[in-house]
Amino acid sequence: MRRPTLSRRAVLTAVTLTLPLAGCSTSLDQETTPSLSFDSADALWPQVGHDRQFTSSTAVSLPAGPLQAERILKVGRDDRDDGPTVVDGQLAVATEGTDATTARTVFRDIQTETELWSIDGLVDYTTPSVYGDVVILSGNGHTTAIRRDTGTILWEFDGGASGTYMSQLLHGETLAVASDGRVVALDAQSGSQRWMSPKLRTPYAISGDSDSIFVSSQYKTEHSLSALDWESGEQKWFRPDVSSVSVPVVSDEFVYYVDSVAGVLEALAPTDGSPVWSRTVRGISTPPALTPSGSSLVVSSETSGQTTVRNAATGAVEWSANAVAQFQPVVTKSSLFIPGYDTLYRISREEKRVVDQVSFAGPITSPVMLTPDGCCVTAGTEQNQYAVYHLTASGTV
């Protein structure tokens, strides 16, 4: 079993925990250890873009002043586009390594720059997920649950794919993991398998609502979108007619899907996958983002050089601004955060224009992760390396 490297504070907390082996995974002794607390994935957890429906929106308000960037941690390689996870002022990230054996998973306090714990050789790249007391890492054919306060490994499952945003979803205490051409449901407390889906080519991304898991898949030139039942993993519907893979974005009424090859944004019925409406958007490649109310979509186009805000029920353009996203936009109560090639743009939803921007020496390689005072993003440095930057805003413009 891999051993975490702990700070003194984490060591004092961890000494009472034991980890017996159980089958192919390491799990908690359920009779002596209290059940873990898994916060709802419907809440502002752990970052915008990691909610189960992949909406990338939140009704929080951030300070409106100019963003100032501070480099806080070296991370990544030029072929990586995973990102950090930020929750309660703490950052979880899989740091630089040539492969899983040389990589480190780090959990640290952003303000004090104190490393709380780290684990060597766990996964070479992925975007961590934090559910209440637990950090979930999925990649390199393994899914691992880690106690958030101590870095103690709680259980490991032999399956799981790395992902830019997410390759697993939490629904109640069921964890759905994309693994080896299928989706596998695990018990979140123990890591034991509950069900396995039919073969789905190679899952690219998964999103979900209360009833279904929506999976985009690919195999060579073949692409598809399907829906699975949360309780059984049975396939509800299957669409083989999409020409590219993307991340399904789920609202209360629709599943939104981007076909970048066809240059089309579609709204689908979640019950059967049938088209409700479609809009031609040339140069669209990133998933749309919903506004907190769910009434509007934020869509970016490289061809037009603009980000447009569209009516979520019809796809009609409401207004636009001059910025292009390389990753899914992030929407707060007052702002749109647009991660461009090497510049992060902040658009005022009230003024409908770019009001702030921060440029980096190299390309942005991760989605934007919100913090209480700003956001975090991974980008290139002057030394042709990559680092996590913490961008903070003052309270005045």
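1. Strand 29 and strand 30 form a hairpin, with three residues between them. Strands here are DSSP runs of type E of at least two residues, numbered from the N terminus. Two bridges join strand 29 (residues 330-331) to strand 30, and the two run antiparallel; strands are taken to pair if DSSP finds at least two bridges between them. Within this hairpin, the bridge partner of valine 330 is phenylalanine 337 in strand 30.

2. The basis of these statements should be kept in view. The model is predicted, so that local features need pLDDT of at least 70 and side-chain atom pairs count only at pLDDT 80 or more, while totals for chains, interfaces and linings use all residues. Residues are numbered from 1 along each chain as its sequence is written, and side-chain values use heavy atoms, with hydrogens and water left out.

3. Strand 30 also pairs on with strand 31 (residues 343-348), in the antiparallel sense and over five bridges. A hairpin of three residues joins strand 30 to strand 31. In this pairing, serine 335 stands opposite serine 348 of strand 31.

4. Strand 30 (residues 335-339) is mostly covered, five of its five residues being buried. Buried means under 20% relative accessible area, exposed over 50%, and partly exposed in between, with a 1.4 Å probe and protein chains only. In a regular strand the side chains alternate between the two faces of the sheet. For strand 30, Ser335, Phe337 and Pro339 are buried on one side, and Leu336 and Ile338 are buried on the other. Both faces of strand 30 are therefore covered.

5. On cysteines, a search of the whole structure finds zero disulfides, a disulfide being a pair of cysteine sulfur atoms within 2.5 Å. Cysteine 375 is in no disulfide, and the nearest cysteine sulfur, that of cysteine 376, is 7.0 Å away. For cysteine 376 likewise, the closest cysteine sulfur is in cysteine 375, at 7.0 Å, which is too far for a bond. Cysteine 375 counts as buried, at 0% relative accessibility, and cysteine 376 is buried with a relative accessible area of 0%.

6. The structure holds ten salt bridges. The criterion is a side-chain nitrogen of Lys or Arg within 4 Å of a carboxyl oxygen of Asp or Glu. Side chains of opposite charge can pair when their charged atoms come close.

7. One of the salt bridges is between the side chains of arginine 104 and aspartate 120 (3.4 Å, N to O). Arginine 104 lies in strand 7 (residues 104-109) and aspartate 120 in strand 8 (residues 115-120), so the pair ties together parts that are 16 residues apart in sequence. Arginine 104 is partly exposed, with a relative accessible area of 29%, and aspartate 120 is partly exposed at 42%.

8. Further salt bridges include that between the side chains of arginine 147 and aspartate 149 (3.0 Å, N to O). Aspartate 149 counts as partly exposed, at 40% relative accessibility. Arginine 353 forms a salt bridge with glutamate 351, where the closest N and O atoms are 2.7 Å apart. Arginine 353 is partly exposed, with a relative accessible area of 44%, and glutamate 351 is partly exposed at 45%. Elsewhere, Arg104, Glu115 and Asp120 are joined into one network by salt bridges that share partners.

Notes. Helices (H or I, at least four residues) and strands (E, at least two) are DSSP runs, numbered from the N terminus.
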